[in-house]
Amino acid sequence: MKDLIDILDLSTEELNQLIATAQDIIAKPAEYAEACHGKKLASLFFEPSTRTRMSFEAAMYELGGNVISVTGTGASSVSKGESMADTAKTISCYTDIIAVRHPKEGAAYVMAQAASVPVINAGDGGHLHPTQTLADLLTIYREKGGFEGLTIGVCGDLKFGRTVHSLISAMSRYKGVKFVLISPEELKVPSYVKKDELQQKGIPYVQTTDLEAVMPDLDILYMTRVQRERFFNEEDYLRLKDSYILTEDKLKGAKKDLSIMHPLPRVNEISVAIDDDPRACYFKQVLYGKYMRMALILKLLRENGQLK
Amino acid sequence: MNIDSISNGIVIDHITAGKGMRLYELLGLDSLDCSVAIIKNAVSKKMGHKDIIKVDADIPVNVDVIGFVDPGATVNFIKNGQLVEKKNMEMPEKLVNVIRCKNPRCITSTEQEIQHIFKLTDKEHKVYRCIYCETKAN
C-alpha cells in the first residue's frame, strides 16, 4: 500500500509528477471534476486545523468525491481509548483514503501500518507535515520557476516546526540549494535533521539569530509561528513567542524578487502590512496546497488500484 | 575473586566496565531461577577492566540486546563444561521491544500493544532512533 507519511516517501520524480498534475488541474479543472466520483476521503483531524482539513476536503469535493469528517477526539471512540491501529482498521471499512492529523508523533505511521486504504499524514505532533511541503514546493516552483540554486531562509520555531523539517528534507535533494537557519538558540533545528538532511548530503547551511543580517542573501524567506501547543512550559513559550516579527522595515535589504512564505496560521510574526507586498506568497500557498492535495489523492488512489 | 566455571549456559565476556548491570536488566536476567553471576571491574589485559556475566542455564539469549548495549562484548556458549560456540556481537540494525521511547509526544506513550522499534541511524556514533518519532534512544 502506498501511503504518504514523510515527504521522503516521494522520490524527486514523483514530486515532479505531482507538480505537473497540479499545474494541469489549475489549467483544466473541469477535466478532473469527476475523477474521484464515488470515492470517499476520511478526514480525521484529532488536532485543530483550518487550512489543512478544509484543503483536503475541498480537494476531494473538487475531484468529484465525498468526505467523511471527524474533528477532535471527543466525537470518536479515540476518547474511549481506542487505539490508532483499531481506528485505522475500522475506518478502512468506510472509506477509500484517509487523511489524518494527530497530536502524537508517529500516529499516522501507525495508522498506515494497520489500514487497508492509503493514509496521508496531515501532521503528526511536532514531527512531520508532508502535504504542507507539497504546497510549499508548488509555491516555490510557480514563484521561482524551479528549485535549483536557491538560498532558503527558514525563520522562527525551527525545533517544533514540522513544516520546516519537511521542507528542508525535500529541498535538500535539489542542486545548488543553500539553507539559512534563523532562530533563537532554544528553537534551533534538531541535530538529527541537520545531520541527516544537511551535513551528510553536503548541503551548505548557516545558523544565525540575526534575521536582518542575512535578509539580502535570501531568495525565499519561510517564516514560522512559535507554537504554543508544543511547549510543556508556558513561561518558555511567553519568552520566545515574539522572537521574530517581520515588518516592512526589515525587508529594506531584501531582494526585489524575494518570496515570503508562511505555512499559516500566523499570530504576529508577519505584519499585516506585508500582505500587500507582491513578494508575499503565503495566501497563494493556501490555494496551491489544495491543488497538490488533489494531485496526491489521485496518485494514491490510482497506485493502489482504486481508480480506473 | 574466583567464580566457578559453568557446566551449561552462557558467559558474556568483554563487557565494557560499568555496562554489566544494564545488560543484566535488559536481558531480564533478574527473573531467572538459575545461578547468575555478575562480575564488575574484573582485570583484563585487553581492556584494563571489564564486566562479565555468567548464566548457569541453557537459556535463549537476545544477541540484539547485547549488541545494542555493548557491541564489543562476546558471548560464549558452554555445553558440558566445554566452549561450543563463541559469538562476537554486532550492533543490530533494528531493536524490537528492548527499550522504550522517552518522548512524551510519541505515539508509543499512549498506543496499546505497540511494538517499540528503534533503527540504527548512525553506526559510527551508535545512534538509534525511534521509528515513530525519530527521537534518539538514550
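Which residue in strand 4 of chain A is the bridge partner of His102(A)? Keep that one in mind while you set up the view. This is a predicted model, where local features need pLDDT of at least 70, side-chain atom pairs count only at pLDDT 80 or more, and totals for chains, interfaces and linings use all residues. Residues are numbered from 1 along each chain as its sequence is written, and chains are lettered from A and ligands numbered from 1 in the order in which they are written.

**Stop 1: strand 3 of chain A**

Select residues 97–102 of chain A, which form strand 3. Helices (H or I, at least four residues) and strands (E, at least two) are DSSP runs, numbered from the N terminus. Six of the six residues here are buried, so the strand is largely enclosed by the rest of the structure. Buried means that 20 or more other C-beta atoms lie within 10 Å of a residue's own; exposed means 12 or fewer, partly exposed is in between, and C-beta atoms are placed from the backbone. Show the side chains: Ile97(A), Ala99(A) and Arg101(A) point one way, while Ile98(A), Val100(A) and His102(A) point the other.

Now add residues 40–45 of chain A, strand 1, which pairs with strand 3 in the parallel sense over five bridges. Two strands pair if DSSP finds at least two bridges between them. In this pairing, Leu41(A) stands opposite Ile97(A).

Next, bring in strand 4, residues 119–124 of chain A, which runs parallel to strand 3 and is joined to it by four bridges. Back to the opening puzzle: the partner of His102(A) is Asp124(A). To get from strand 3 to strand 4, the chain passes through helix 4 (residues 107–114) of chain A, in a right-handed β-α-β crossover. Right-handed means that, with the strands pointing away from the viewer, the path from the first strand over the helix to the second runs clockwise.

**Stop 2: helix 4 of chain A**

Stay on residues 107–114 of chain A. Six of the eight residues of helix 4 are buried, so this helix is largely enclosed by the rest of the structure. To see them, pick Ala107(A), Ala108(A), Tyr109(A), Val110(A), Met111(A) and Ala112(A). These buried residues pack against helix 3 (84–91), strand 3 and strand 4 of chain A.

**Stop 3: where chain A meets chain B**

Show both chains: 12 residues of chain A are in contact with 13 residues of chain B. Contact means that the C-beta atoms of two residues, placed from the backbone, lie within 7 Å. What gives the most to the chain A side? Helix 4 of chain A does, with three residues. Colour that side by class and you get five nonpolar, five polar and two charged residues. Here Ala, Val, Leu, Ile, Met, Phe, Trp, Tyr, Cys and Pro count as nonpolar, Asp, Glu, Lys and Arg as charged, and the others, Gly among them, as polar.

**Stop 4: helix 1 of chain A**

Select residues 12–27 of chain A, helix 1. Its buried residues are Leu15(A), Leu18(A), Ile19(A), Ala22(A) and Ile25(A). They cover an arc of only 120 degrees around the axis, which puts them on the same side of helix 1; the arc is that of the directions from the helix axis to the C-beta atoms. Rotate to the other side and you find Glu13(A), Ala20(A) and Ala27(A), which are exposed. Add helix 5 (130–144) and helix 10 (282–303) of chain A, which are included in what covers the buried residues of helix 1.

**Stop 5: Leu198(A)**

Jump to helix 7 (residues 191–199) of chain A, where Leu198(A) lies. Leu198(A) counts as buried because it has 20 other C-beta atoms within 10 Å. Leaving aside neighbours within four places in sequence, Leu198(A) is in contact with Ser172(A), Phe179(A), Ile203(A) and Tyr205(A).

**Stop 6: chain B**

Finally, isolate chain B, which has two helices and eight strands. Along the sequence the pattern reads β-α-β-β-α-β-β-β-β-β. Its C-alpha trace spans about 50 × 30 × 25 Å along the principal axes, and buried residues make up 28% of its 138 residues.

Select strand 3 of chain B, residues 48–55, and strand 1, residues 9–16: they run antiparallel and are joined by five bridges. Look for Thr16(B) opposite Lys50(B). Strand 2 (residues 36–44) of chain B is also antiparallel to strand 3, with seven bridges between them. There, Ile39(B) stands opposite Ile52(B), and a hairpin through three residues joins strand 2 to strand 3.

Methods
Expected span 1.5 Å × (residues − 1).
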